[in-house]
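Hi,

Here is the structure I promised to pass on. Have a look first, and my notes on what I found come after it.

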Amino acid sequence: MEQMSLFEREDSVPLAARLRPQTLDEIVGQEHLLGEGKVLRRLIESDRISSMIFWGPPGVGKTTLARVIANHTQASFIDFSAVTSGIKEIRGVMQRAEENRRYGARTIVFVDEIHRFNKAQQDAFLPFVEKGSILLIGATTENPSFEINGALLSRCKVFVLHSLTTEDLVKLLSRALSDPRGFGNQKVILPPELLEAIARFANGDARMALSTLEMSVLNGDYQGDTVTVTRETLEQCTSQKSLLYDKKGEEHYNLISALHKSMRNSDPDAAVYWLARMLEAGEDPLYVARRVIRFASEDVGLADPRGLEQAVAAYQACHFLGMPECTVHLTQAVVYLSLAPKSNALYTAYESAKKDALTQLAEPVPLVIRNAPTRLMQELDYGKGYQYAHHTAEKLTNMQCLPDSLEGREYYRPTEQGLEARLKARLEQIKEWKKEHADK
């Protein structure tokens, strides 16, 4: 554990540093790795760790976890930055680790942003990792498969750390208000809805959440021993002007409804405005992206199949980049879908089919389209009379695929919008051909 210097005031240390967890139980999030009985927790508790790579977005606890491992295993901890260090520094660190090993002490070398090392720098670690002079723990925000040398990567176990949820961050912020290392020795009045607003604003980053809380408290209204954080104070600290809103409340649903209906009405200006209202208020961009994906098929569908591609690509961009960089990708998808031809034929087709499916759940699959992998099934006429469309010139057959009780039912009714007009013409040709060949 790092010690403060003689002349360093405790309150001059950033809140995120003061609250850095010292034990596994203090770490918030990463339950898939650190929950009771999970693999990484078992390795740490049994002191059987090996070299590893932590891959995850900023502020999820990669450095913290490495320090906790060092504390738990009673190993020397060397914090090493790939941004400021070269091969000369690596050799110096390795020499210290070798000396520790001679005295029976283990050394954990933590390399932040290890993906910034070039091949030669990464290779410099290899012999020391192989002979056990060090336990290497690398942290990266980039995919290790592309950024870490294969030889080094093969000697390290990769653990994926996830972004912290809003609930994780609220728990962390609540602890900061009660822990003596944080604001536990002060009386801080901060409404729960503002605490959640800070958690949403941080977008999965614990460091940002704690920094925002610290700034809000330091700029709060002081009266004696009590400090009050108001909505206005928080808005100033996050540069947000009256935009914070409850993600579970009415305004949340009002805004997503406004975005959806603006796109449906082919109004890109209104759609982009409502998009900005949500994102600048701290809404999760992945939530917005999921709703845009739904819109792409519900309201555009086959009138422009590329709309779904645009929406899915925007979701992936949000996942890769996060806020604020992904705002432009969501804007691209929202504008594209606003201007695309509209059709709800897929939505109405499914809803209509669902109604029949729920009321006629026991309808048997016609024998003609059943598989017959066994002799018994063949004897029961499974697959008898099946017509393979690819064996015909038209790639069509008059085979009935719906149950008898639903014969002739139509669910998909294409519109004349965009590409769907061509699909409508094609469907009409197919139906006309089947009608002509119904008795053949």
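Let's start with one residue: leaving aside residues up to four places away in sequence, Q310 touches Q332, A333 and Y336. Keep in mind that this is a predicted model. Q310 is found in helix 17, which covers residues 306-321. Is Q310 buried or exposed? With a relative accessible area of 15%, Q310 is under the 20% cut-off, so Q310 counts as buried.

Now for the whole chain. The protein chain has 21 helices and eight strands. Its radius of gyration is 30 Å, while the globule rule gives 22 Å for 440 residues, so the chain is more spread out than a compact globule. If you measure along the principal axes, the C-alpha trace spans about 95 × 60 × 40 Å. Of the 440 residues, 42% are buried.

A few more overall numbers. Take the contacts with a separation of 6 or more: 70% of them are between residues 24 or more positions apart. The accessible surface of the protein chain comes to about 24,600 Å², and carbon and sulfur atoms account for 52% of that. As for charge, the chain has 53 positive and 59 negative charges, and the mean positions of the two sets are 5 Å apart.

Next, the cysteines. How many disulfides does the structure hold? The count is zero. C326 is in no disulfide, and the nearest cysteine sulfur, which belongs to C318, is 3.6 Å away. A disulfide needs the two sulfur atoms within 2.5 Å, so that pair does not qualify. C326 has a relative accessible area of 0%, so it is buried. C237 is buried as well, at 17% relative accessibility.

Last, a helix to click through. Which residues are buried in helix 11 (residues 192-202)? They are L194, L195, A197, I198, A199, R200 and A202. An α-helix has 3.6 residues a turn, so residues three or four places apart point the same way. You can check that idea against the list while you rotate the model. What covers these buried residues includes helix 10 (166-178), helix 12 (206-218) and helix 13 (231-238). Just after helix 11 comes N203, which has a positive phi, near 55°.

That's what I have so far. Happy browsing!

Technical notes:
Residues are numbered from 1 along each chain as its sequence is written. This is a predicted model: local features need pLDDT of at least 70, side-chain atom pairs count only at pLDDT 80 or more; totals for chains, interfaces and linings use all residues. Side-chain values use heavy atoms; hydrogens and water are left out. Helices (H or I, at least four residues) and strands (E, at least two) are DSSP runs, numbered from the N terminus. The radius of gyration is taken over C-alpha atoms; the globule rule is 2.2 Å times the number of residues to the power 0.38. Buried means under 20% relative accessible area, exposed over 50%, partly exposed in between (1.4 Å probe, protein chains only). Contact means heavy atoms within 4.5 Å. Accessible areas come from the Shrake-Rupley method with a 1.4 Å probe; for residues, only the protein chains shown count as cover. Lys and Arg count as positive and Asp and Glu as negative; His and the chain ends are not counted. The place of a charge is taken as NZ of Lys, CZ of Arg, CG of Asp or CD of Glu.
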